[in-house]
Amino acid sequence: MEKKKIEHLAIIMDGNGRWAKSKHLPRIMGHHAGVRAVERTVRAARELDIPTVSLYAFSTENWKRPKGEVMGLMGLFRYYMKSKLEDLCKEETHVRFAGDLEALPDDIVEILDDTEKATAKFTERQLVVCLNYGGRKELLDAVNKIVSEGIKPPITEEILRKHFYLPDLPDPDLIIRTSGELRLSNFWLWQSSYSEYYFTDKYWPEFDKNALQEAVKDYYERERRYGNA
């Protein structure tokens, strides 16, 4: 049985709003609790020697949410990236972003750019935050870039990957989705072709080190065949 080390852990952080509702709190409080879960989980992943963690923070579909909630999320992104940059540098973590970032508010784009530059020197560990990300849009954007560059067919997988948001990012080994939902939700569609999935009923704000350890243990008990058997 192959026990491939987890190089890239990806997480669909679902259930903030439902957690808040269960506590009779505003939805935005669920997102604040979700940030604390991010801190716990990234720290736990580091302790488990997982070098890359990617988080589905805001999808291309999330713009359809109520305007007040979207504005609250944008404010949370601003606050978090500004206030946590020093900690991320101390932890020697390269923070990167995937998605159609140009569609985000200008000041957020500037914050993201500053964060990437400030942490670019760290190469052993990376945190990828997917903002305004959609797997279908990533593929469409890649195809349109290829067409605009006048690249002639046949288009290979290598050519397509080079035009992704983060072409050097390893494919996810394990993708965790919280809150009991059993779907991909347009996340890493191409990259997840052979990823292992782990679903938990826990809402994202409830996720912690023990929950991550359970998911990782489950992963290492599986046999990854990549279509060979």
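Which residues of strand 1 are buried on one side, and which on the other? Select strand 1, residues 8-12, and colour its two faces. H8, A10 and I12 sit on one side, L9 and I11 on the other, and all are buried (under 20% relative accessible area, with a 1.4 Å probe and protein chains only). Strands here are DSSP E runs of at least two residues, while helices are H or I runs of at least four, both numbered from the N terminus.

Before you go on, a word on what you're looking at: this is a predicted model, where local features need pLDDT of at least 70, side-chain atom pairs count only at pLDDT 80 or more, and totals for chains, interfaces and linings use all residues. Residues are numbered from 1 along each chain as its sequence is written, and side-chain values use heavy atoms, with hydrogens and water left out.

**Next stop: the partners of strand 1**

Add strand 2. It runs parallel to strand 1, joined by five bridges (two strands pair if DSSP finds at least two bridges between them). Zoom in on I12 and you'll find Y56 of strand 2 opposite. Now add strand 5, residues 174-177, which pairs with strand 1 in the parallel sense over four bridges. Here L9 faces L174.

**Then: the core**

Keep L9 selected and add M81, L131, I176 and L212. These five have the most contacts inside the largest nonpolar core, a group of 41 residues. Such a core is a set of buried Ala, Val, Leu, Ile, Met, Phe, Trp, Tyr and Cys residues joined through side-chain atoms within 4.5 Å. Helix 3 gives the most to this core, eight residues. Click on L212: setting aside neighbours within four places in sequence, its contacts (heavy atoms within 4.5 Å) include L9, T41, I176 and F207. A second, separate core has 14 residues, among them C130 and Y165.

**Last: the pockets**

Select M13, Y56, A57, F58 and N62, the closest to the centre of the largest pocket among its 34 lining residues. A pocket is an open set of points on a 1 Å grid over the protein atoms alone, where a 1.4 Å probe fits, with protein on both sides within 12 Å along at least five of seven lines; lining residues have an atom within 4 Å of a point. Its volume is about 710 Å³, meaning the space filled by probe spheres set on the points, which are joined across faces, edges and corners. Elements giving two or more residues to this lining include helix 1 (16-22) and strand 4 (126-133).

Finally, pick R161, D171, Q191, S193 and Y194, which lie nearest the centre of the second largest pocket. That pocket holds about 210 Å³ of space.

Key: Buried < 20%, exposed > 50% of the residue type's maximum accessible area, 1.4 Å probe, protein only.
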